[in-house]
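I opened a new model today and kept notes as I went. Each entry records what I looked up.

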Amino acid sequence: MRGWRVLAVAVAAACGTASHASQGAGARTSVTVENCNDGGPGSLREALASAVNGEIVDMRSLACSFITLRSGELTTTAPTLQIYGSHQTISAGGRSRVISHDADGTLVLSHLTISGGTVQG
């Protein structure tokens with residue numbers, strides 16, 4: 001049950017600032033979430049869909065404190081990924097799981113609250 005892996009991921013409750021060495025010239029090492037929409041350009045959903053191994057998804061500059069998922073769970077296939085927030089809550093509102101890490105590796109969540117997720121089946 002790979003979807004349950006999110007329960008076993010390393011959750012860093014008190015990480016400081018993120019730093020990540022460049023993976024080569026022109027390589028992207030982080031992606032910034034620009035809005036609190038459920039989907040579309042600049043959203044957390046889009047950032048997770050495009051994230052690659054070793055990247056940081058940075059939510060620290062968001063002005064909002066709550067992201068409500070209305071179109072299903074967030075999914076990432078990046079083997080190793082870090083998501084840094086500034087005390088936002090991500091909620092599925094009881095409609096679905098909140099996040100699924102469909103890869104072998106480590107998903108690190110920092111300064112985020114995950115709520116309102118459900119599992120069916």
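These entries cover a strand, two of its neighbours, a cavity and a disulfide.

**Entry 1: the model**

I noted the origin before anything else. This is a predicted model.

**Entry 2: strand β6**

I began with β6, which spans residues 81-91. Is β6 mostly covered, or mostly open? I found it mostly covered, with nine of its 11 residues buried.

Then I looked up its pairing. Strand β3, residues 55-58, pairs with β6 in the parallel sense. I read four bridges there. One bridge joins I56 to Q82 in β6.

Strand β4, residues 66-68, also pairs with β6 in the parallel sense, over three bridges. Here F66 stands opposite T89 of β6.

How many bridges link β6 and β8? I read eight, again in the parallel sense. On this side Q88 stands opposite L112 in β8.

**Entry 3: H87**

Next I picked a residue of β6, H87. Is H87 buried or exposed? Its relative accessibility is 58%, so it counts as exposed. The cut-off for exposed is over 50%. I set this beside the strand as a whole, where nine of 11 residues are buried.

I then checked the backbone. H87 has a positive phi of about 70 degrees, and it is not a glycine. I wrote down the general rule beside that value. Most residues other than glycine have a negative phi.

Which residues does H87 touch, leaving aside neighbours within four places in sequence? I found S65 and H111. S65 lies 22 residues from H87 in sequence. In space the two are 6.8 Å apart, C-alpha to C-alpha.

**Entry 4: H111**

I followed the contact from H87 to H111. H111 sits in strand β8, which covers residues 107-115. Its phi is near 60 degrees, a positive value in a residue other than glycine. I had noted a positive phi for H87 too.

How exposed is H111? Its relative accessible area is 21%, so I logged it as partly exposed. The buried class takes values under 20%.

**Entry 5: the cavity**

I searched for enclosed space. How many cavities of 30 Å³ or more are there? The count came to one. The largest cavity has a volume of about 30 Å³.

Which elements give two or more residues to its lining? I listed α2 (44-50), β6 and β8. The lining residues are L44, L48, L74, I83, I90, I99, L109 and I114. By class, I counted eight nonpolar, no polar and no charged residues.

**Entry 6: the disulfide**

Last, I looked for disulfides. The structure holds one. It joins C36 to C64, with 1.4 Å from S to S. The angle about the S-S bond is -70 degrees, and the link is left-handed.

Where do the two cysteines sit? C36 is in the loop between β2 (30-32) and α2. C64 is in the loop between β3 and β4. They are 28 residues apart, and the pair links distant parts of the chain.

I checked the accessibility of C36 as well. At 23% relative accessibility, C36 counts as partly exposed.

**Entry 7: looking back**

I reread the page once. β6 recurs in my notes: it pairs with β3, with β4 and with β8. β6 also helps line the largest cavity, and it holds the exposed H87.

Definitions and conventions. Residues numbered from 1 in each chain as written. Predicted model: local features only at pLDDT ≥ 70, side-chain atom pairs only at ≥ 80, totals over all residues. Heavy atoms only, no water. Buried < 20%, exposed > 50% of the residue type's maximum accessible area, 1.4 Å probe, protein only. Contact = heavy atoms within 4.5 Å. 1 Å grid on protein atoms, 1.4 Å probe; cavity = no way out; pocket = protein on both sides within 12 Å on 5 of 7 lines; lining within 4 Å. Points joined across faces, edges and corners; volume = space filled by probe spheres on them. Nonpolar A, V, L, I, M, F, W, Y, C, P; charged D, E, K, R; others polar. Pairing = 2+ DSSP bridges. Disulfide = S-S within 2.5 Å.
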